[in-house]
Amino acid sequence: MEKIIILDFGSQYTHLIARRIRELKVYSEILPFNVSINKIKSGDVKGIILSGGPDSVYQPNAPKPSKKVEEWILAGKIPVLGICYGFQLLAYMLGGNVEKGIRGEYGRAEIKVLEENDLFKGLPQKQVVWMSHGDIVAELPPKALALAKSKDGLVAAFKLGKLYGVQFHPEVKHTVCGREILRNFLFEVCKCEGLWDIGDIVNRVVEDIRKEASSGNVLMAVSGGVDSTTSACLIKMALGVDRIYLVVIDTGFLRENEAEKAVRLYEKLGFKHIFLVDVKEKFISRLKGVVDPEEKRRLISQLYFEVLDEKADELAKEYGEFKYLGQGTIYPDRVESGATGRATARIKSHHNVVYTHLSKLVKLEPLKDLYKDEVRKIAELIGVPKEVIFKHPFPGPGLAIRIIGEVTEEKLKILRKVDKIVEEELRKAGIYKMLWQAFPVLLPIKTVGVMGDERTYRYAIALRAVISEDAMTAEFAKLPWNLLERLSSRIVNEIKNVNRVLYDITNKPPATIEYE
């Protein structure tokens with residue numbers, strides 16, 4: 001299978017490059033910038049993209065490829081596209097001069113294409129692009145050709161043989177011809193065929209699972225969400241119904257009747273071994289007095305894997321040895337946990353990425369390189385029910401990270417009731433499916449109110465609703481005022497412990513979607 005390799009130098013946009021390539025029917029894979037030469041050359045690699053990043057290439061500890069990878073890239077036998085930091089790095093490695101600019105270029109900018117070339121083939125001479133850089137290529141490498149410049153006369157794109165660089169970000173929507181530039185790189189420069197389809201992934205994943213887990217049972221914690229359900233179905237397709245054992249863990253942090261609904265779902269999907277483990281008291285007592293969000297995640301993860309290993313030992317007595325732990329990890333989980341590359345920062349710790357070393361079982365993650373929308377397409381292909389496919393994402397630690405501060409039984413009861421109201425009103429308004437996520441957060445404050453001519457002092461609730469393609473970036477949803485008013489009215493009237501409702505109008509970035 002033909003593919004494009006993206007070397008990740010720590011850009012917040014690296015994932016967007018991968019998405020845009022896949023949207024153009026070419027498989028893409030992100031690897032850390034310091035990957036070995038054998039890894040980067042594995043398979044039918046048609047081209048390399050060097051991502052952006054926050055560093056300056058002339059700094060002593062700036063991220064750079066290994067010597068062998070650098071030599072292979074500079075040999076010019078395979079097409080390369082450097083983007084932003086990657087543009088500067090490519091120029092630097094080729095002998096050009098990179099230095100700090102007098103002033104940076106941030107946001108929209110206009111460039112002028114100077115020379116006809118494959119990268120800008122069929123595109124206007126003047127284009128609006130998205131810049132985000134403080135350093136500049138002050139002097140091009142020997143024999144390199146400037147393809148475009150900005151209004152300030154700075155080099156915006158260059159070419160040397162099969163090596164191309166652009167100072168701007170073609171992967172973001174603000175670069176008007178960005179998709180076409182990437183298309184030209186794939187099909188004019190790399191000579192890709194563009195035959196990849198998300199459906200191809202199913203067969204490949206099933207075959208990979210059979211190779212990875214040729215013997216031994218698989219234990220899989222499932223929640224009823226699209227990620228774990230799709231993973232479980234793929235493992236069942238690969239290994240058969242007798243080798244996969246599903247565990248629904250009721251941590252006490254689930255929404256109303258969620259554990260029971262999940263069990264019924266997997267019965268309908270034809271799974272043979274389904275076990276409901278009620279450990280509510282253990283989880284709630286483990287979090288007593290804990291307020292730090294990362295500590296919450298660590299303790300929940302620790303107990304989560306303890307429960308799974310205990311269940312594996314228990315089931316092994318009856319069904320034989322368990323070797324594998326099936327998980328519904330998807331690519332954004334790994335990005336936020338800093339697991340995709342050495343230069344990628346950890347934003348928050350996803351239990352199914354950071355803490356899996358706590359389990360003695362070997363990980364089996366069919367979806368680890370896919371985005372949520374790609375998972376949903378696969379789910380449709382293999383027959384996962386639509387109500388599961390379009391269900392809003394729910395975090396692994398559950399309501400525990402939607403309660404800011406210490407988690408108590410009282411707070412969980414309040415949040416469950418509010419959550420139910422929010423979902424009911426969104427579905428009634430016909431906009432549930434339009435949103436990536438929508439949920440309430442119980443804030444760690446009480447506020448003064450007046451109800452029935454009496455003073456009240458009760459909890460405040462924040463409502464969070466966002467629109468997104470893949471959870472890597474998100475915009476707050478501009479919900480109708482009358483819907484927000486209905487939500488607020490129902491919450492303060494039906495939940496006696498709440499007297500104030502706030503609406504979060506922060507995008508991601510700078511905020512994350514979840515509060516903790």
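These legends walk through close-up views of a predicted model, one region at a time. Residues are numbered from 1 along each chain as its sequence is written, and side-chain values use heavy atoms, with hydrogens and water left out. As this is a predicted model, local features need pLDDT of at least 70 and side-chain atom pairs count only at pLDDT 80 or more, while totals for chains, interfaces and linings use all residues.

**View 1. The domains, and where domain 1 touches domain 3.**
The domain assignment splits the protein chain into domain 1 (2-189), domain 2 (198-390) and domain 3 (409-503); such bounds come from an automatic or database domain assignment. Taken over C-alpha atoms, the centres of domain 1 and domain 3 are 43 Å apart. Five residues from domain 1 and five residues from domain 3 make the contact, where contact means heavy atoms within 4.5 Å. About 380 Å² is buried between domain 1 and domain 3, with carbon and sulfur atoms giving 44% of that area. (Buried area is the accessible area, with a 1.4 Å probe, that two parts lose on being put together, summed over both.)

**View 2. Charged pairs, between domains and within a helix.**
Side chains of opposite charge can pair when their charged atoms come close. Here a salt bridge is a side-chain nitrogen of Lys or Arg within 4 Å of a carboxyl oxygen of Asp or Glu, and the count by this rule comes to 34 salt bridges. Between domain 1 and domain 3 the count is one salt bridge. The side chains of E475 and K173 meet in a salt bridge at 3.6 Å, N to O. Residue pairs in polar contact between domain 1 and domain 3, both at pLDDT 80 or more, number zero. (A polar contact is a pair of N or O atoms within 3.5 Å; within protein, one must be able to donate a hydrogen and the other to accept it, and residues adjacent in sequence count only if both atoms are side-chain atoms.) Another salt bridge links R20 with E23, their closest N and O atoms lying 3.2 Å apart. R20 and E23 are three residues apart in helix α1 (residues 14-23), so about one helical turn separates them.

**View 3. The nine-strand sheet.**
Helices (H or I, at least four residues) and strands (E, at least two) are DSSP runs, numbered from the N terminus, and two strands pair if DSSP finds at least two bridges between them. Nine strands make an open sheet with mixed pairing, in the order β2-β1-β3-β4-β9-β8-β7-β5-β6. At the edges are β2 (27-32) and β6 (126-139); each has a single partner strand, so one side of each is left without a neighbour in the sheet. From one strand to the next, the twist averages 25 degrees. (Axes are lines fitted to C-alpha atoms, for helices over the stretch in contact, and angles run from 0 to 180 degrees between N-to-C directions.) Strands β1 (residues 2-8) and β3 (residues 44-50) pair in the parallel sense over six bridges, and K3 has V45 in β3 as its bridge partner.

**View 4. Back and forth through β7, β8 and β9.**
Strand β7 (residues 145-150) runs antiparallel to strand β8 (residues 155-160), with four bridges joining them. L145 sits opposite K159 in β8. Their hairpin has four residues between the strands, and G153 takes a positive phi near 80 degrees. Next, four bridges join β8 to strand β9 (residues 163-166), again antiparallel, with L160 opposite L163 in β9. This hairpin has two residues between its strands, and G161 in the turn has a positive phi of about 65 degrees.

**View 5. The five-strand sheet and helix α7.**
This open sheet of five strands has parallel pairing and the order β12-β11-β10-β13-β14. Its edge strands, β12 (273-278) and β14 (362-364), each pair on one side only. Three bridges join strand β13 (residues 322-326) to β14, and G326 stands opposite L364 in β14. Helix α7 (residues 226-239) lies across β10 (217-221), β11 (244-250), β13 and β14, running at about 165 degrees to β10.

**View 6. The β15 and β16 hairpin.**
Twelve bridges hook strand β15 (residues 437-451) up to strand β16 (residues 454-467), and the two run antiparallel. M451 has E454 in β16 as its bridge partner. Two residues lie between the strands, and G452 in the turn has a positive phi of about 60 degrees.
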